[in-house]
Amino acid sequence: MGGQRLLLAVAGCLMCTWGLRAATLDLTSISGPAVVEQLLHLATFSDDPLPAVTRLIFTPNDMKARKYVKQLMKEAGLTIREDPMGNIYGRMHGSTKTTGAVVTGSHVDAIPLAGAYDGTLGVIGAIAALKALGEAGFRPEKPIEALMFTSEEPTRFGLGCIGSRGMSGALTVETLNDKLDVNGTSFQAASTAAGYGGKSHETILEGTRVKPGSIAAFVELHIEQGPRLEREGLQLGIVSAIAAPAALRVFFSGDGGHAGALLMPDRNDAGLAAAELALAVEKATLDAGAIDAVGTTGFLQIGPNSMNSVPREAKLEIDIRDIDAARRDRTVSSVLKSVEEIAARRDVRHRVEMINQDPPATCSQEVITAATEAAKELGASQKALVSRAYHDSLFMSQIAPTGMIFIPCRNGWSHRPDEFASAADIETGVKALALTLARLAGTAAAGEHSEL
Ligand code: GLV
Ligand code: MN
Ligand code: MN
C-alpha cells in the first residue's frame, strides 16, 4: 500500500521561488473501521429495521441523518452552510478566495430497503478525507468542500438528483412544480417544513443554483454497485463516463368489473396491459443488442388490487439506461410504441409521463488524472470504469470538471439490505479521495494563511 507516509508532489509549488517542493501527507488518521462505524451509525436512522435502510428526504430519519452529518462536519473543523434545497456544504478554507472550490460529496437518502453504503460512503468518506487532510497539516490553495446532496434517489418526489439538478441549473420551476409526493405534498412545502425551502420553487432554485466558476472540480467517492472490481480483485475504479438515464411513468385504465361475471371477451384489463408492457420493456432492451442497455419496470401497481376484481387501473414506472444516449433513446421510442400498440389492442386508455431523459456524462481528464495518480501513490490496483448507475456527478459534470472513484462492493450488490463494502476497501477509497482532493486543490504557498 505504499507505506503510511505518502508523498504528494505539489504542482502549485512549481511557482515557488525555491523550486519544486514535495509535501508529505500523513493520512494514517484515515481508518476504515472508524468510517464503517460512522456509516453503521448513520444506518440506524432508518424507517425499516437494520440491516435494511430506508430514508426518504425530509422525513424524521433524514433529519436525524442530516444532524449527524453536520456534527461530523463540525468535528472535522469545517464551516457549514446549507442552501434552500437542503444541500449541505462543509468548507475547508483555502489560501485564495479568487478561485472556485474543489468539491466532493454524495447523498444519504436511501430507497426503500436499501443498504448502508450507497451514497453515504461519499458523504462520510468526504468528511473523513477533509478531517485527515487538516490533521496532516495540509493547507489547500483552493478551498475544499464536503457536500451532502438532497434527494439523489427519486423515491419521494419521483425524480432523482433533485439537489444536484438544482445546483447545476438543470431543474426548471415547472418540473419542480409537478413533483408531488404520494400525499400530494410539494417540494416547497416539504423542504420548508424541514427548515429549508422558501416562498416558492422559483426562490428555492434561485438560492440553490451555483454561481459560474464557484466549483473548480467535483469528485464523488461511491461503491461500484456492480461486480467488476471485485471479480478482478481490484481496489479502485476510476470512472470515465456515467450512463444516460431515462425514466417514464405509464398509466393504463380500463373499465374493471366482476372477476366471476365479466366474460373474457368483454374485458379491457389494465393489469394485463401493464404485464405485457413490462415484458415489452425487457424485449426492447434486449433488442438494443448491447450489454450496456438496461431496462427495468421497478414499479407496477394495479387497482383496485382486489382478488375478485378485473384491474381497472395500472401504473408503471420504467427505468431505461445506456452509455450510448442515441441507442437509449431508440429503446425509449420502442417502449412508447409498445404502449400505443398494447393500449389499442386491449382497448384500454393510456397516458405517459416522461420523468427524465438525461444525457450521459464524460468525466474530466483533470480529475481522472488526479485520481489515477492518487491511486498509484497509494499503490492501489485500479482500472477505468463506466458507471451504469447515475449519481449527482451526472449533473455536477454540467458545471464543473467532474470525476468519480469507485470501490468494490460484495457481489456488486446495491439497493438491497445486504449491500456491503469492506473496511479495507473503504480505507483505500477515502485515502484515494483525500489525495485526489489535495492534488486538485493544490498546496498553499509557504507562509500563506487560509482565508477566514
Ligand atoms: C441511483 O441510485 C441509480 O438509480 O442509479
Ligand atoms: Mn442509489
Ligand atoms: Mn448512490
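This is a short talk about two manganese ions and a small ligand in one protein model.

Hi everyone, and thanks for having me. Before we look around, please keep in mind that this is a predicted model.

Let's begin with the metals. Which residues coordinate the manganese ion called ligand 3? They are His107 and His222, each through its NE2 atom, and Asp118 through OD, at 2.0 to 2.3 Å. If you follow these donors along the chain, their spacing reads H-x10-D-x103-H. Now find histidine 107 and aspartate 118 on the screen. Histidine 107 sits in strand E6, residues 101-107, while aspartate 118 is in the loop between strand E7 (110-114) and helix H3 (120-135), so the pair ties together parts that are 11 residues apart in sequence. Are these two buried or exposed? Histidine 107 and aspartate 118 are both buried.

Next comes the other manganese ion, ligand 2. Its protein donors are Asp118 (OD), Glu153 (OE) and His415 (NE2), and they lie 2.0 to 2.2 Å from the ion. Here the spacing in sequence is D-x34-E-x261-H. Aspartate 118, in the loop between E7 and H3, and glutamate 153, in the loop between strand E8 (144-149) and helix H4 (162-168), are 35 residues apart, and the pair links distant parts of the chain. Glutamate 153 is buried, just as aspartate 118 is.

You may have noticed one name coming up twice. Which residue coordinates both manganese ions? That is aspartate 118, and the two ions are 3.7 Å apart.

Now let's move to ligand 1. Which residues are around ligand 1? Walking along the chain, we meet Glu152, Glu153, Arg321, Ala389, Tyr390 and His415. Sorted by character, this shell has 3 charged residues, 2 nonpolar and 1 polar.

Two familiar names are back here. Glutamate 153, a donor to the manganese ion ligand 2, has a side-chain N or O atom 3.0 Å from an oxygen atom of ligand 1. Histidine 415, also a donor to that ion, has a side-chain N or O atom 3.2 Å from an oxygen atom of ligand 1. Tyrosine 390 takes part with its backbone: an N or O atom there lies 2.8 Å from a ligand 1 oxygen.

How much of ligand 1 does the protein cover? On its own, ligand 1 has 190 Å² of accessible area, and the protein covers 92% of that.

To close, here are the residues I would like you to remember. Aspartate 118 coordinates both manganese ions, and Glu153 and His415 are among the residues around ligand 1. Thanks for listening!

Note on methods. Residues are numbered from 1 along each chain as its sequence is written. Chains are lettered from A and ligands numbered from 1 in the order in which they are written. This is a predicted model: local features need pLDDT of at least 70, side-chain atom pairs count only at pLDDT 80 or more; totals for chains, interfaces and linings use all residues. Side-chain values use heavy atoms; hydrogens and water are left out. Donors are N, O and S atoms within 2.8 Å of the metal (3.2 Å for Na, K and Ca); water is not among the atoms, so sites may look incomplete. Helices (H or I, at least four residues) and strands (E, at least two) are DSSP runs, numbered from the N terminus. Buried means under 20% relative accessible area, exposed over 50%, partly exposed in between (1.4 Å probe, protein chains only). A residue is near a molecule or strand if one of its heavy atoms lies within 4 Å of it. A polar contact is a pair of N or O atoms within 3.5 Å; within protein, one must be able to donate a hydrogen and the other to accept it, and residues adjacent in sequence count only if both atoms are side-chain atoms. Accessible areas come from the Shrake-Rupley method with a 1.4 Å probe; for residues, only the protein chains shown count as cover. Ala, Val, Leu, Ile, Met, Phe, Trp, Tyr, Cys and Pro count as nonpolar, Asp, Glu, Lys and Arg as charged, and the others, Gly among them, as polar.
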